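Thanks, everyone. I'll keep this brief. Please have the model open while I talk.

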Amino acid sequence: MGRAEIGIFGGSGFYSLLPDVEEIKVDTPYGPPSDRIALATVAGRRVAFLPRHGRDHQYPPHRIPYRANLWAMRSLGVTRIIGPCAAGSLQPAVQPGDFVFADQFVDRTSGRPDTFFEGPVTVHVSLADPYCPELRRRGVGLARELGITAHDGGTVVVIQGPRFSTRAESQWFSSLGWQVINMTQYPEVVLARELDMCYLNISLITDYDVGLAGREDIAPVTAEEVMRVFKANNARLRRLIMALIERLPAERGCDCGLTSTRGRFAD
Ligand SMILES: [Zn+2]
């Protein structure tokens with residue numbers, strides 16, 4: 001079984017980036033993950049890559065096998081997860097093309113299996129700060145070095161999907177001051193924490209959610225515009241993640257690994 005230290009969830013555009021990819025099948029107590037996992041060495045670091053929707057995008061957000069995906073990463077030895085995602089903006093100051101490094105989430109999903117602690121062992125994990133502060137600090141710094149507009153922190157509201165929000169819902173989220181809307185951050189980040197892994201979110205802003213409530217001058221963008229921004233984002237995201245991996249210290253300088261699940265994995 002191959003081993004890795006850094007795990008990446010993302011779109012299939014990443015395969016072409018990784019040199020000498022070895023693809024492996026991993027099974028878990030929660031069934032198979034979304035796809036085979038691609039292992040590669042980047043700047044001397046072992047990296048595992050998994051498209052969270054599957055390579056043919058066959059899993060919609062509410063059907064992604066999140067527990068299997070996180071368990072598979074952890075079973076390979078991964079202690080740090082980089083979880084980029086496409087997202088909509090809820091605030092005028094967060095613009096299409098910007099990257100938001102989330103530091104909080106609000107869960108508006110329902111019915112998703114969202115814990116590894118189904119009894120008899122129960123652990124109440126602290127989620128006050130769900131995202132790794134060390135990875136976020138490094139990510140924001142590198143993004144700015146690369147000329148990317150990076151927001152240091154932000155709240156992502158995670159909706160169940162696959163439908164988008166109504167205008168009323170979107171206005172409600174905006175009025176509460178939340179920055180970003182997405183369908184996959186929950187329970188991905190929670191499950192990473194339950195397994196003692198650091199999690200970095202990079203929300204790639206493709207559009208304004210249903211336009212922006214009360215701003216008639218900002219219309220909902222077209223599908224073509226979303227695709228154009230999405231492609232440009234992907235190229236910049238790849239550069240950012242490569243730089244992040246190159247400069248990441250081997251030892252973690254954060255508290256993400258103190259969840260008390262020690263002993264379940266041999267490392
Ligand atoms: Zn951490």
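Start at I24. Its bridge partner in β3 is I37. This is a predicted model, by the way. That pair sits within a wider pairing: strand β2, residues 22–24, is joined to strand β3, residues 37–42, by three bridges. The two strands run antiparallel.

Now step across to the next strand. Five bridges link β3 to β4, residues 45–50, and again the direction is antiparallel. Take A38 as an example. Its bridge partner in β4 is F49. So much for the ladder; what about the turn? β3 and β4 form a hairpin, with two residues between them. A43 is in that turn, and its phi is positive, about 50 degrees.

Stay on β4 a moment, and look at the core. The largest nonpolar core has 66 residues. Which of them touch the most other members? A48, I81, Y199 and L200. Let me unpack A48. Leaving aside residues up to four places away in sequence, A48 touches A4, G7, I37, L39, M73, L76 and V78. I37 you have met already, as the bridge partner of I24.

Next, the helices. α1 covers residues 66–75, and α4 covers residues 185–194. Their axes come within 9 Å and cross at roughly 35 degrees. The crossing is right-handed. Who makes the contact? From α1, Y66, R67 and L70; from α4, P187, E188, L191 and A192. By class, that contact has five nonpolar residues, two charged and no polar ones.

Look at the spacing on each side. An α-helix has 3.6 residues a turn, so residues three or four places apart point the same way.

How is α4 placed in the rest of the structure? It is largely enclosed, because 10 of its 10 residues are buried. The buried residues include charged ones in the contact and beyond: E188, R193 and E194 are among them. Q185 and Y186, at the start of the helix, are buried too. Just after α4 comes D196, with a positive phi of about 70 degrees.

Last stop, L248. You will find L248 in the segment after α5, which spans 223–247. Buried, exposed or partly exposed? L248 has 18 C-beta neighbours inside 10 Å, and the buried class starts at 20, so L248 counts as partly exposed. Now find I6. L248 and I6 are 242 residues apart in sequence. In space, C-alpha to C-alpha, the two are 9.8 Å apart.

That's my tour. Over to you.

How values were computed: Residues are numbered from 1 along each chain as its sequence is written. This is a predicted model: local features need pLDDT of at least 70, side-chain atom pairs count only at pLDDT 80 or more; totals for chains, interfaces and linings use all residues. Two strands pair if DSSP finds at least two bridges between them. Helices (H or I, at least four residues) and strands (E, at least two) are DSSP runs, numbered from the N terminus. A residue is buried if 20 or more other C-beta atoms lie within 10 Å of its own, exposed if 12 or fewer, and partly exposed in between; C-beta atoms are placed from the backbone. Axes are lines fitted to C-alpha atoms, for helices over the stretch in contact, and angles run from 0 to 180 degrees between N-to-C directions. A crossing is left-handed if the near helix is turned anticlockwise from the far one by less than a right angle, and right-handed if clockwise. Two residues are in contact if their C-beta atoms, placed from the backbone, lie within 7 Å. Ala, Val, Leu, Ile, Met, Phe, Trp, Tyr, Cys and Pro count as nonpolar, Asp, Glu, Lys and Arg as charged, and the others, Gly among them, as polar. A nonpolar core is a set of buried Ala, Val, Leu, Ile, Met, Phe, Trp, Tyr and Cys residues joined through C-beta atoms within 7 Å.
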